[in-house]
Amino acid sequence: MARVLSGIQPSGDLHLGNYLGALRQWVARQSVDDAYYCIVDLHALTQAIDPAELRRRTLETAAGFLAAGLDPEQVTIFAQSHVPAHTRLAWLLECTATMGELNRMTQFKDKGRGNESVRVGLFTYPVLMAADILAYDASHVPVGEDQRQHLELTRDLATRFNHHYGEVFVVPEATIPQVAARVMDLQQPDRKMSKSIPSPLGRIDLFEDADAIAKKVKKAVTDAEGIVAYDPIAKPGVSSLLDLLAAATNGSPMDLAGNYTRYGDLKNDVAEALISLIAPMRERYLGLLGDEAELRALLARGAEKANTVANATYERAASAIGLLER
Ligand code: AQP
């Protein structure tokens with residue numbers, strides 16, 4: 001059984017990118033992996049978020065994990081802040097990482113651009129993410145394409161630590177899906193779909209109702225050429241719709257392009273496929289939201305198991321780096 005760790009920030013509503021890039025793979029492999037799935041609430045603090053909203057979204061994300069199909073009997077679901085070893089380990093790793101390494105992280109540049117008051121946590125969070133992964137001796141990390149660079153940093157930090165202080169960490173690999181590894185914004189098809197970009201028309205939320213999905217797909221940006229072809233560089237809008245259709249129907253975007261001559265027909269089929277994919281998850285989600293006590297209990301059970309594993313890794317790393325045992 002491969003040990004697996006991945007996470008999602010409770011920084012907004014889960015969207016189709018989170019599902020196709022990450023969650024769907026988690027669900028598909030839950031019976032074969034020894035998996036830990038984390039709601040990374042500490043990462044959500046890297047940008048402004050209201051405290052009550054963060055608490056609410058943490059519970060909603062837990063409900064979202066279950067609604068998407070994760071089975072807590074098979075995987076461990078927990079909140080990052082309930083396992084203090086993540087931040088303790090992050091400090092040890094920060095003291096081995098360099099400014100140059102973190103300066104190269106493109107996500108920091110993207111999210112920090114034009115913002116005078118960028119939080120220090122946004123700069124250092126890739127190291128916390130490395131700690132999240134390394135704390136569980138994860139060999140595999142199922143994520144979307146946008147996380148590839150952070151995974152490379154994690155590998156570098158683990159390898160360096162092992163080189164200096166002995167074999168403490170498992171060096172993990174990213175598992176990135178073949179299709180829809182980077183779901184694009186429907187209004188700005190050169191940007192990835194994202195929770196924190198204020199573009200409600202560009203993003204399809206995972207538990208959205210059928211009318212809203214149909215409306216957003218209908219308004220999706222294409223181009224003036226009027227030819228359905230798969231070419232993500234020259235035709236990002238149309239290609240992104242073909243990617244969505246392929247992901248929802250397990251097809252290939254190239255092959256699907258051949259079935260259409262009109263953008264309107266393509267959009268109708270994309271909307272129908274997404275509605276069929278999302279409707280059953282939406283129904284489960286709305287049901288789960290009503291039972292906050294059960295969601296809290298789920299996270300408490302997950303944290304207990306996660307703490308056992310992560311504490312052991314932290315102790316190993318702390319001892320290797322020279323901290324005196326208590
Ligand atoms: N557009 C996307 N396409 C494919 N995968 C995606 N992921 C995110 N966006 C896409 C994957 O979802 C997982 C969780 O991501 P995250 O919550 O840690 O943060 P993120 O990558 O920064 O996602 P968002 O939605 O853009 O959140 P904000 O705006 O708050 O930063 C990861 O596996 C990611 O690859």
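Helices (H or I, at least four residues) and strands (E, at least two) are DSSP runs, numbered from the N terminus. The model is predicted; local features need pLDDT of at least 70, side-chain atom pairs count only at pLDDT 80 or more, and totals for chains, interfaces and linings use all residues. Residues are numbered from 1 along each chain as its sequence is written, and side-chain values use heavy atoms, without hydrogens or water.

**View 1. Strand E2 is largely enclosed by the rest of the structure.** The strand covers residues 34–39. Five of its six residues are buried (under 20% relative accessible area, 1.4 Å probe, protein chains only). That is why E2 counts as largely enclosed. Its pairing with two other strands, E1 and E3, is shown in the next views.

**View 2. Strand E1 pairs with E2 in the parallel sense.** Strands pair if DSSP finds at least two bridges between them; E1 (residues 3–8) and E2 have six. Arginine 3 stands opposite aspartate 34, a residue of E2. The chain makes its way from E1 to E2 through helix H1, residues 16–28. This path is a β-α-β crossover.

**View 3. Strand E3 runs parallel to E2.** E3 spans residues 76–79 and is joined to E2 by four bridges. Tyrosine 36 has threonine 76 of E3 as its bridge partner. Further along, isoleucine 39 is partnered by alanine 79, again in E3.

**View 4. Both faces of E3 are covered.** In a regular strand, side chains alternate between the two faces of the sheet. One side of E3 carries Thr76 and Phe78. The other side carries Ile77 and Ala79. All of these residues are buried.

**View 5. Helix H8 has the span expected from its number of residues.** H8 covers residues 148–165, 18 residues in all. The expected span, 1.5 Å times one less than the number of residues, comes to 26 Å. The end C-alpha atoms are 26 Å apart, which agrees. Just after the helix, glycine 166 takes a positive phi of about 100°.

**View 6. The buried residues of H8 line one face of the helix.** They are His150, Leu151, Leu153, Thr154, Leu157, Ala158, Phe161 and Asn162. Seen down the helix axis, these residues fall within an arc of 160°, so they share one face; the arc is taken from the axis to the C-beta atoms. His163 and His164 sit on the face turned away from the buried side. Both are exposed (over 50% relative accessible area).

**View 7. Aspartate 156 lies in helix H8.** Its relative accessibility is 39%, so it counts as partly exposed, the class between buried and exposed. Alanine 180 is 24 residues from aspartate 156 in sequence. In space, the two residues are 26 Å apart, C-alpha to C-alpha.

Notes. Right-handed = clockwise from strand over helix to strand, strands pointing away.
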